[in-house]
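User: I'm new to this one and would like to learn how to read it feature by feature. Can we start with a single residue and work outwards?

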Amino acid sequence: MSRLILPNGDDHPEAAHKHLLDAAVLLAQHRPDGTAYLSGYVVECALKSLQVLETGQALRGHDFRSLVNQVSAVAMVTGAKTARYFGAATRGVAGSAIGSWAPEMRYRPPTMTLGDAQSWYACARGVFEETVHQMRLDGVL
């Protein structure tokens, strides 16, 4: 459990970590669709973790472009706690390959290649490392 757990029980940093671990297992088992799907949730949870750290409130929705814009708005304020965790990987996620992620992927037939899943996982891992992982190292979580 992190220090950012919300009153309703949502714990975005812990969820990001759980999804990253599960995505790695699926990638090792050559399950690209599951890898990609969970990689998207890693990014979503990491972005929401930044918002909770800064404002105490969770963001709604799944659209990366919207989430990045909302987190950017609070991270760029002078003195923002989240500024140090809003790095290049996180800022650029909406324009990256994983930027096309949507939770509705779970309803679609398999379409993801292993190479694409590896790319999405790498992106998710990069976002996780500069957000949740760094917050852990800094003692924020």
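User: Let's pick Ser 39. Which residues does Ser 39 touch, leaving out those up to four places away in sequence?

Analyst: Quick note before we look: this is a predicted model. Setting aside residues up to four places away, Ser 39 touches Ala 23, Ile 98, Trp 120, Tyr 121 and Ala 124. Ser 39 itself sits in helix 2, which runs over residues 32-55.

User: Is Ser 39 buried or exposed?

Analyst: Buried means under 20% relative accessible area. Ser 39 comes out at 0%, so it counts as buried.

User: What lies 2.7 Å from a polar atom of the Ser 39 side chain?

Analyst: That's the backbone oxygen of Thr 35.

User: Now a whole helix. How do I check the length of helix 1?

Analyst: Count residues and use 1.5 Å for each. Helix 1 covers residues 12-28, which is 17 residues, so a span of 24 Å is expected; the end C-alpha atoms are 24 Å apart, and that agrees.

User: And which residues of helix 1 are buried?

Analyst: His 12, Pro 13, Ala 15, Ala 16, His 19, Leu 20, Ala 23 and Leu 27. Look down the axis and these buried residues fall within an arc of 155 degrees, so they line one face of helix 1. The face turned away from that buried side carries Val 25 and Ala 28, which are exposed. As for what covers the buried residues, helix 2 and helix 5 (114-137) are included.

User: Where is His 30, and what is its phi?

Analyst: His 30 is in the loop between helix 1 and helix 2. Here's the general idea: most residues other than glycine have a negative phi. His 30 isn't a glycine, yet its phi is positive, about 55 degrees. With a relative accessibility of 54%, His 30 counts as exposed.

User: Let me try helix 3. What span should helix 3 have?

Analyst: Its twelve residues should span 16 Å at 1.5 Å a residue, and the end C-alpha atoms are indeed 16 Å apart. The buried residues of helix 3 are Phe 64, Leu 67, Val 68, Val 71, Val 74 and Ala 75. They take up an arc of only 130 degrees around the axis, which puts them on the same side of helix 3. On the other side, Arg 65, Asn 69 and Ala 73 are exposed. The cover over the buried residues of helix 3 includes helix 2 and helix 4.

User: How many salt bridges does a search of the whole structure find?

Analyst: The general idea is that side chains of opposite charge can pair when their charged atoms come close. Searching the whole structure turns up four salt bridges. One of them joins the side chains of Arg 136 and Glu 14, at 3.0 Å from N to O. That pair links distant parts of the chain, since Arg 136 is in helix 5 and Glu 14 in helix 1, 122 residues apart. Arg 136 is partly exposed at 32% relative accessible area, and Glu 14 is partly exposed at 28%.

User: What about Lys 48, which residue does it form a salt bridge with?

Analyst: With Glu 44, and the closest N and O atoms are 2.8 Å apart. Lys 48 and Glu 44 are four residues apart in helix 2, so about one helical turn separates them. Both of these residues are buried.

User: And Arg 84, what is its partner?

Analyst: Asp 138, with the closest N and O atoms 2.6 Å apart. Arg 84 is in the loop between helix 3 (64-75) and helix 4 (88-91), while Asp 138 is in the segment after helix 5, so the pair ties together parts 54 residues apart in sequence. Arg 84 is exposed, at 53% relative accessible area, whereas Asp 138 counts as partly exposed at 34%.

User: Zooming out, how many helices and strands does the protein chain have?

Analyst: Five helices and zero strands. The radius of gyration is 14 Å, close to the 14 Å that the globule rule gives for 141 residues, so the chain is as compact as a globular protein of that length. Along its principal axes, the C-alpha trace spans about 45 × 30 × 25 Å.

User: What percentage of the residues count as buried?

Analyst: 46% of the 141 residues. Looking at contacts with a separation of 6 or more, 64% are between residues 24 or more positions apart.

Key
Residues numbered from 1 in each chain as written. Predicted model: local features only at pLDDT ≥ 70, side-chain atom pairs only at ≥ 80, totals over all residues. Heavy atoms only, no water. Helix = DSSP H or I, 4+ residues; strand = E, 2+ residues; numbered from the N terminus. Buried < 20%, exposed > 50% of the residue type's maximum accessible area, 1.4 Å probe, protein only. Polar contact = N/O pair within 3.5 Å; in protein donor to acceptor, adjacent residues only side chain to side chain. Contact = heavy atoms within 4.5 Å. Expected span 1.5 Å × (residues − 1). Arc of directions from axis to C-beta. Rg over C-alpha atoms; globule rule 2.2 N^0.38 Å.
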